[in-house]
Each structure stands twice: as C-alpha cells, then as structure tokens.
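Open the model in your viewer and keep the selection tool at hand. The stops below say what to select next and what is there.

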Amino acid sequence: MAVLSDKLKDYNIILASGSPRRKEIMQMLGINFIVKTKPTQENYPKNLKGGDIPLYLAELKASAFDNDLQNTNEKTIILTADTIVYINDKVLGKPKDAQDAKKMLKTLSGNMHEVFTGVCIKSKYKQTNCLAATKVWFRPLTDEEIDFYVNTYKPFDKAGAYAVQEWIGAAAISRIEGSFYNVMGLPSQLVSNELEKFIQTEK
C-alpha cells in the first residue's frame, strides 16, 4: 500500500507559509513541496471566537492564491494554516516586545490554554478546511524563569510568546492533550489525513 508521499508525487504542493516550524513538519511527513507566500492582512470579524478565528484566517490566506490557481491544473494544491493561542476567551498573538511577551507568559503560567490551528487545502476546483485543537497546561512559572526564557529565546515571532520545542516546553509544560505538532504550528496527522482524502475525491 502506497504511503501518502508516493500518492502525492505527481502533485505540486505549495505550502503558503513562511514558518520554519511548518516547513519542518511537512518535511517530516515526507511530502515534496515548495514554499510560496503572499502578504495577507490577518484581520478577522470580532464576533469570531476560538477555532473559528484561525479557520477564517487560513481560508483568507488561501484566497490570496485564487488567481494563481486558475492558471494551474487540479494537481496544484495550496496549503495554508493559521495558529492561535487562546485563553479566557482571548487571543494571545505575537508579542510586541519583551515586556508584552513576559505579560503573556504570566497569563499562561499555572493555567490551561488552547492552541487552535485552522488549515485550508485548496486546488483549482475545490477546497476543504479543518481544525485542530490542543489543550496545554503550564506549571506555575517564576518571574526569573519568564525573564530567562524571554531574554534567551526572544519568542517575539511566536503566538503566545512561546515555542513548545524550546526550553519552556521541556521545562514548564506539565501536560498536553491533543496534537503536539499542532502546538508547533501544524497538526501533522490531521494534514496528512486531509490531504489523503482531498486527492481521493478529485474533481
């Protein structure tokens, strides 16, 4: 039985993300792909909550490729994703500076938060959206630990001001319920399953 990477060998897979973590996860899946990004204003309706936010943004990012897709065949697939950290009905985005990062980590300290990733898979003729949700528990963090992490790792390009694969994940995350790779930025098993279904139901 052929694995997914073999089934996709005739496809042109485009990962529309500049995230090195998403690129790494796609490589782990053994999928051949290229990275291509388009600038997108990541604004969303304020009435959206939780997982609806990254789903909306992933679809928005994919729509930026609509003209490109019209000039391709059905073997070209765009994959977009958006990840948010969500706690107390609020989104923790990328911190503006060190002070903002420390404030976010104090919010996460000793609490459970959710990480939502919305994924959009799109070709010339069709589109599918899917969502992954992971619960993450942080043990209580001291001010010294927060200062050390922010000053050493400078997590200013990370939603929620942390990366699970860095020191803070190894030392301070006490429990994860759901996909670990979702917390990194791309739910690998979900993406693999959805790509498999996508090519099985071609136009």
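Start with the whole chain in cartoon view: this predicted model holds 9 helices and 7 strands. The radius of gyration is 18 Å, against 17 Å from the globule rule for 203 residues, so the chain is as compact as a globular protein of that length. Turn the C-alpha trace along its principal axes, and the spans come to about 55 × 40 × 25 Å.

Stay with the whole chain and switch to a surface view. The exposed area is about 10,400 Å², and carbon and sulfur atoms supply 47% of that area. Of the 203 residues, 45% count as buried. Contacts in the chain with a separation of 6 or more come to a large part from distant stretches of sequence: 69% of them join residues 24 or more positions apart.

**Stop 1: helix α9**

Select residues 188-200. This is helix α9, with 13 residues. From the first C-alpha to the last, α9 reaches 18 Å, close to the 18 Å expected at 1.5 Å a residue.

Which residues of α9 are buried? Colour S188, V191, S192, E194, L195, F198 and I199 to see them. Then show what these buried residues pack against: the helices α1 (4-7), α2 (20-28) and α8 (180-184), and the strands β3 (76-87), β5 (112-122) and β6 (127-138).

Now pick out E194, which lies in this helix. Its relative accessible area is 12%, under the 20% cut-off, so E194 counts as buried. What does E194 touch, apart from residues up to four places away in sequence? The answer is I121, T128 and C130.

**Stop 2: G51**

Move to G51, in the loop between β2 (34-35) and α3 (52-63). Is G51 buried or exposed? G51 is buried, with a relative accessible area of 10%. Leaving out residues up to four places away in sequence, G51 touches F116 and L131.

Add V85 to the selection and draw a distance from C-alpha to C-alpha. G51 and V85 are 9.9 Å apart in space, while 34 residues separate them in sequence.

**Stop 3: E145 in helix α6**

Select residues 143-153, which form helix α6, and find E145 there. Show side chains for E145 and R139: a polar contact of 2.8 Å joins them. Beyond its neighbours within four places in sequence, E145 is in contact with R139, P140 and W167.

**Stop 4: aromatic rings**

Show the aromatic side chains. How many aromatic pairs are there? The count comes to 7. Begin with F148 and Y153, whose ring centres are 6.4 Å apart. Their planes meet at 80°, so the pair is edge-to-face. Both residues are partly exposed: F148 has a relative accessible area of 38%, and Y153 has one of 31%.

Next, select F180 and Y181. Here the ring centres lie 5.4 Å apart and the planes are at 85°, so this pair is edge-to-face. F180 is partly exposed at 36% relative accessible area, and Y181 is partly exposed at 29%.

To finish this stop, select F148, Y149, Y153 and W167 together. Ring pairs link these four residues into a cluster. W167 also appeared at the previous stop, in contact with E145.

**Stop 5: two positive phi angles**

The last stop concerns the backbone. Most residues other than glycine have a negative phi. Select N88, in the loop between β3 and β4 (90-92). N88 is not a glycine, yet its phi is positive, at about 55°. Is N88 buried or exposed? At 64% relative accessibility, N88 counts as exposed.

Then go to K154, in the loop between α6 and α7 (167-172). What is the phi of K154? The value is near 45°, which is positive in a residue other than glycine.

Terms used. Residues are numbered from 1 along each chain as its sequence is written. This is a predicted model: local features need pLDDT of at least 70, side-chain atom pairs count only at pLDDT 80 or more; totals for chains, interfaces and linings use all residues. Side-chain values use heavy atoms; hydrogens and water are left out. Helices (H or I, at least four residues) and strands (E, at least two) are DSSP runs, numbered from the N terminus. The expected span of a helix is 1.5 Å times one less than its number of residues. Buried means under 20% relative accessible area, exposed over 50%, partly exposed in between (1.4 Å probe, protein chains only). Contact means heavy atoms within 4.5 Å. A polar contact is a pair of N or O atoms within 3.5 Å; within protein, one must be able to donate a hydrogen and the other to accept it, and residues adjacent in sequence count only if both atoms are side-chain atoms. The radius of gyration is taken over C-alpha atoms; the globule rule is 2.2 Å times the number of residues to the power 0.38. Accessible areas come from the Shrake-Rupley method with a 1.4 Å probe; for residues, only the protein chains shown count as cover. Rings of Phe, Tyr and Trp (its six-membered ring) pair if their centres lie within 6.5 Å; planes under 30 degrees apart count as stacked, over 60 as edge-to-face and the rest as tilted.
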